[in-house]
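Here are my notes on this model. Please read them with the structure open.

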Amino acid sequence: MMKKEMGRKKSFKDFFSIKKNILFVTAVSLAFALFAYFGFTMVNLRSDISLLERQKAEVAAKCDEQEQTNKELQAVLDNEDKGDYIEQKAREKGYGKSNEIHFYDISASE
C-alpha cells in the first residue's frame with residue numbers, strides 16, 4: 001500500500017494548492033519589493049527637499065541683501081549730494097582730478 005501511495009500521481013486539488021502557494025509567495029515578494037522601492041524613493045525625495053530648502057534660504061538671504069543695497073543706492077540717488085558720492089566711488093577705484101598729484105604705495109606689493 002505504501003508503494004501505491006508513493007507512486008500516486010498528484011491530484012487536481014494538490015496542483016491548485018501548490019499554485020496557490022506560489023501565487024501567495026509571489027504576491028508577498030512583490031508587495032515587499034514595492035514597499036522597499038517606495039521607501040527608498042521617499043528617502044531620496046526628502047533629501048532633495050532638504051537641499052532645495054537650504055538653497056531657497058540662501059537665495060532669500062541674497063535677495064534681502066540686494067534689496068538693502070538697492071535701498072541705499074536709491075537713497076543716494078534721491079540725495080542732492082550725488083556729486084560727492086560719485087567722487088568718493090571714483091577715488092575708491094583709483095581715479096582723481098586732473099590737477100591732483102597721485103602717489104602710489106609700492107611697498108605693499110612686496
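1. Confidence first. This is a predicted model, and the average pLDDT of the chain is 84. A score of at least 70 is reached by 84% of the residues. Confidence varies between elements: helix α1 (residues 2-6) has the lowest mean pLDDT, 50. Helix α2 has the highest, 91. Please keep the value for α1 in mind when you look at residues 2-6.

2. Fold. The chain has three helices and zero strands. Read from the N terminus, the order is α-α-α. Helix α2 spans residues 12-78, and helix α3 covers residues 82-92.

3. Burial and surface. How many of the 110 residues count as buried? The share is 0%. The accessible surface of the chain is about 11,100 Å². Carbon and sulfur atoms account for 63% of that surface.

4. Nonpolar patch. L30, L34, Y37 and F38 form a nonpolar patch on the surface. The patch measures about 440 Å². One of its members, Y37, sits in helix α2.

5. K82. This lysine belongs to helix α3. Is K82 buried or partly exposed? Its relative accessibility is 41%, so K82 counts as partly exposed: the class lies between the 20% and 50% cut-offs. Leaving aside residues up to four places away in sequence, K82 touches V76 and L77. Both partners fall within the range of helix α2, residues 12-78, so these contacts link α3 to α2.

How values were computed: Residues are numbered from 1 along each chain as its sequence is written. This is a predicted model: local features need pLDDT of at least 70, side-chain atom pairs count only at pLDDT 80 or more; totals for chains, interfaces and linings use all residues. Side-chain values use heavy atoms; hydrogens and water are left out. Helices (H or I, at least four residues) and strands (E, at least two) are DSSP runs, numbered from the N terminus. Buried means under 20% relative accessible area, exposed over 50%, partly exposed in between (1.4 Å probe, protein chains only). Contact means heavy atoms within 4.5 Å. Accessible areas come from the Shrake-Rupley method with a 1.4 Å probe; for residues, only the protein chains shown count as cover. Patches are made of residues with over 30% relative accessible area and no salt bridge: like charges are joined within 9 Å, nonpolar side chains (Val, Leu, Ile, Met, Phe, Trp, Tyr) within 5 Å. A salt bridge is a side-chain nitrogen of Lys or Arg within 4 Å of a carboxyl oxygen of Asp or Glu. pLDDT is the predictor's confidence in each residue, from 0 to 100.
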